[in-house]
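Here is a structure to read with some care. The questions below ask how each label is earned, and the answers set values against definitions.

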Amino acid sequence: MIEIRDDAPFDLIEKMRIEVFIKEQGFTSEFDDLDKISTHLVLFEDGIAKAYLRFYKEKGNYFIGRVLVLKKYRHKFLSSLLIKRAEEMISSGKIIIHAQYDKVGLYKKLGYKETDIKDYDEGVLHTYLYKVL
């Protein structure tokens, strides 16, 4: 059974983000002040935490970020389920995603439009995408 929760303990979230973004992908600057104002969603399947994202509102727009699926659970559309749940919770407005460039296809399949804005975050190419609900 799949369950998406917004009340998972932050130490669980930290472990997931460290595993994917620091250990696996090599980022060094993972945690920031946005964690304090974000809604954190964790997807559990049969009681096991498998995927995560955070979202927050700033200057009238919503931002989805830190989308991850633990390595052994990838390619099962879990991130899509999480993003759709975040969109339901947001319900209306503009959503902006700053995504790793190799993940753009996922967001386009969910109706996000890519902008021309690209940059590097810790040496990894990123782009901005958006969707208006």
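Q: What makes the meeting of the K118 and E114 side chains a salt bridge?
A: A salt bridge is a side-chain nitrogen of Lys or Arg within 4 Å of a carboxyl oxygen of Asp or Glu, and the side chains of K118 and E114 meet at 3.1 Å, N to O, so the pair fits the definition. The model is a predicted one, in which local features need pLDDT of at least 70 and side-chain atom pairs count only at pLDDT 80 or more, while totals for chains, interfaces and linings use all residues. Residues are numbered from 1 along each chain as its sequence is written, and side-chain values use heavy atoms, with hydrogens and water left out.

Q: Why is K118 called partly exposed?
A: Buried means under 20% relative accessible area, exposed means over 50%, and partly exposed is in between (1.4 Å probe, protein chains only). K118 has a relative accessible area of 38%, so K118 is partly exposed, and E114, at 23%, counts as partly exposed as well.

Q: How do you know whether K131 and E87, which meet in a salt bridge, are buried or exposed?
A: K131 has a relative accessible area of 17% and is therefore buried, and E87, at 11%, also counts as buried. Their side chains meet at 3.1 Å, N to O. This pair links distant parts of the chain, with K131 in strand β7 (residues 124-132) and E87 in helix α3 (residues 78-90), 44 residues apart. Helices (H or I, at least four residues) and strands (E, at least two) are DSSP runs, numbered from the N terminus.

Q: What does the salt bridge between E30 and R17 tie together?
A: The side chains of E30 and R17 meet at 2.6 Å, N to O. E30 lies in the loop between α1 and α2 and R17 lies in helix α1, so the pair ties together parts that are 13 residues apart in sequence. Both E30 and R17 are buried, and they belong to a network of salt bridges that also links D32, D35, R54 and R66.

Q: How do you know what span to expect for α1?
A: The expected span of a helix is 1.5 Å times one less than its number of residues. The 15 residues of α1 should therefore span 21 Å, and the end C-alpha atoms are 20 Å apart, which agrees.

Q: Why is F10, in helix α1, called partly exposed?
A: F10 has 32% relative accessibility, and therefore counts as partly exposed.
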